Amino acid sequence: MTIRVLIADDQQLVRTGFQMILDAQADMEVVATVADGAEAVEHARRFRPDVCLLDIRMPRLDGLEATRLLAGPGVPDPMRVVIVTTFDLDEYVYGALRAGATGFLLKDSGPTLLIEAIRAAAAGDALVSPSVTVRLLEHLARPREGRSRPLVEPLTERELDVVRLVARGRTNQEVAAELFVSLSTVKTHLGSIQGKLGARNRVEIAAWAWESGVVS
């Protein structure tokens with residue numbers, strides 16, 4: 001299956017570089033490159049790419065707002081967004097993930113991590129730059145009253161096992177291997193967990209796990 005990707009960045013050099021990297025992959029196709037957030041939203045809605053790569057600081061509409069419009073709460077058919085930025089600022093990381101992004105990378109992460117993040121997003125997984133992961137998890141692990149997402153109904157023990165592994169960054173395949181279950185079983189558990197938590201994606205599942213103390 002070919003992964004269709006949209007690239008949004010206000011720097012021509014970055015757009016060209018990313019496109020060269022992705023076009024060299026047999027399983028990827030760049031369907032659009034745009035220079036600002038408003039165009040990103042317009043082209044994403046028109047072409048329905050599998051993954052949108054968005055910078056944060058862009059003209060007209062920044063990447064965080066574009067992410068909310070494409071993947072945020074209330075979006076009926078949310079897209080998969082990976083933020084790729086120069087700015088390693090905590091408020092950008094948390095803002096992007098809260099807005100619905102399924103990945104967060106720094107531009108100096110290198111082509112290998114970029115490709116992995118796109119493939120992870122297309123598969124429904126999430127990838128965050130290693131340089132910000134520890135800070136992110138430390139932030140989410142701090143006790144904050146009233147922040148933990150209330151449960152519609154309790155999670156089963158096996159669902160909690162899945163949640164703990166997701167919170168530690170495991171992919172669906174890795175969860176299946178560690179729990180000795182099939183990939184389809186993992187996906188079934190994730191669907192049930194999302195329903196019980198009211199979570200839109202695995203990033204929100206991981207955030208709930210850290211905020212509620214399920215993992216520490």
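**Overview of the chain.** Helices (H or I, at least four residues) and strands (E, at least two) are DSSP runs numbered from the N terminus, and by this reckoning the chain holds 10 helices and six strands. The model is a predicted one, in which local features need pLDDT of at least 70 and side-chain atom pairs count only at pLDDT 80 or more, while totals for chains, interfaces and linings use all residues. Residues are numbered from 1 along each chain as its sequence is written, and side-chain values use heavy atoms, with hydrogens and water left out. Of the 216 residues of the chain, 49% count as buried, where buried means under 20% relative accessible area, exposed over 50% and partly exposed in between, computed with a 1.4 Å probe on protein chains only. Among contacts (heavy atoms within 4.5 Å) with a separation of 6 or more, 66% are between residues 24 or more positions apart.

**View A. Strand β3 (residues 51-54) is covered on both of its faces.** Val51 and Leu53 lie on one side of β3 and Cys52 and Leu54 on the other, and all of them are buried. Strand β1 (residues 3-8) pairs with β3 in the parallel sense over four bridges, pairing being assigned if DSSP finds at least two bridges between two strands. In the pairing of β3 with β4, which is also parallel, there are three bridges. Leu54 can be followed through both pairings, since Ala8 stands opposite Leu54, and Leu54 in turn stands opposite Ile83 in β4.

**View B. Strand β5 (residues 103-106) runs parallel to strand β4 (residues 81-85).** The two strands are joined by four bridges, and within this pairing Val84 is found opposite Leu105 of β5. Gly103 and Leu105 point one way from β5, whereas Phe104 and Leu106 point the other way, and every one of these residues is buried.

**View C. Thr67 belongs to helix α3 (residues 63-71).** What relative accessible area does Thr67 have? The value is 0%, so Thr67 counts as buried. Once neighbours within four places in sequence are left aside, the contacts of Thr67 are Leu54, Gly72, Val81, Ile83, Ala96, Ala99, Gly100 and Ala101. Among these partners, Leu54 is a residue of β3 already shown as buried in View A.

**View D. Helix α7 (residues 157-167) crosses helix α8 (residues 172-179).** The two axes come within 10 Å and cross at roughly 130 degrees, axes being lines fitted to C-alpha atoms, for helices over the stretch in contact, with angles between N-to-C directions running from 0 to 180 degrees. Because of this angle, α7 is oblique to α8 (angles under 35 degrees count as roughly parallel, over 145 as roughly antiparallel, 65 to 115 as roughly perpendicular and the rest as oblique). The crossing is right-handed, that is, the near helix is turned clockwise from the far one by less than a right angle, anticlockwise being left-handed. Arg158, Asp161, Val162 and Leu165 of α7 meet Val175, Glu178 and Leu179 of α8. By class, these residues divide into four nonpolar, no polar and three charged, with Ala, Val, Leu, Ile, Met, Phe, Trp, Tyr, Cys and Pro taken as nonpolar, Asp, Glu, Lys and Arg as charged, and the others, Gly among them, as polar. Asp161 is partly exposed, because its relative accessibility is 25%, and its C-alpha atom lies 9.8 Å from that of Glu178, 17 residues away in sequence. After α7 comes Gly169, whose phi is positive, near 90 degrees.

**View E. Glu159 is a residue of helix α7.** With a relative accessible area of 5%, Glu159 is therefore buried, and the other buried residues of α7 include Leu160, Val163 and Val166. Neighbours within four places in sequence aside, Glu159 contacts Pro154, His189, Ser192, Ile193 and Lys196. Glu159 and Leu190 are 31 residues apart in sequence, yet their C-alpha atoms are 7.7 Å apart.

**View F. Helix α8 packs against helix α9 (residues 183-197).** The axes are 9 Å apart at an angle of about 110 degrees, and α8 and α9 are therefore roughly perpendicular to each other. Asn172, Gln173, Val175 and Ala176 of α8 form the contact with Leu183, Val186, Lys187 and Leu190 of α9, a set of five nonpolar, two polar and one charged residues.

**View G. Helix α10 (residues 202-212) is largely enclosed by the rest of the structure, because 10 of its 11 residues are buried.** Among the buried residues of α10 are Arg202, Glu204 and Glu211, together with Trp208 and Trp210. Gly213 follows α10 and has a positive phi, near 85 degrees.
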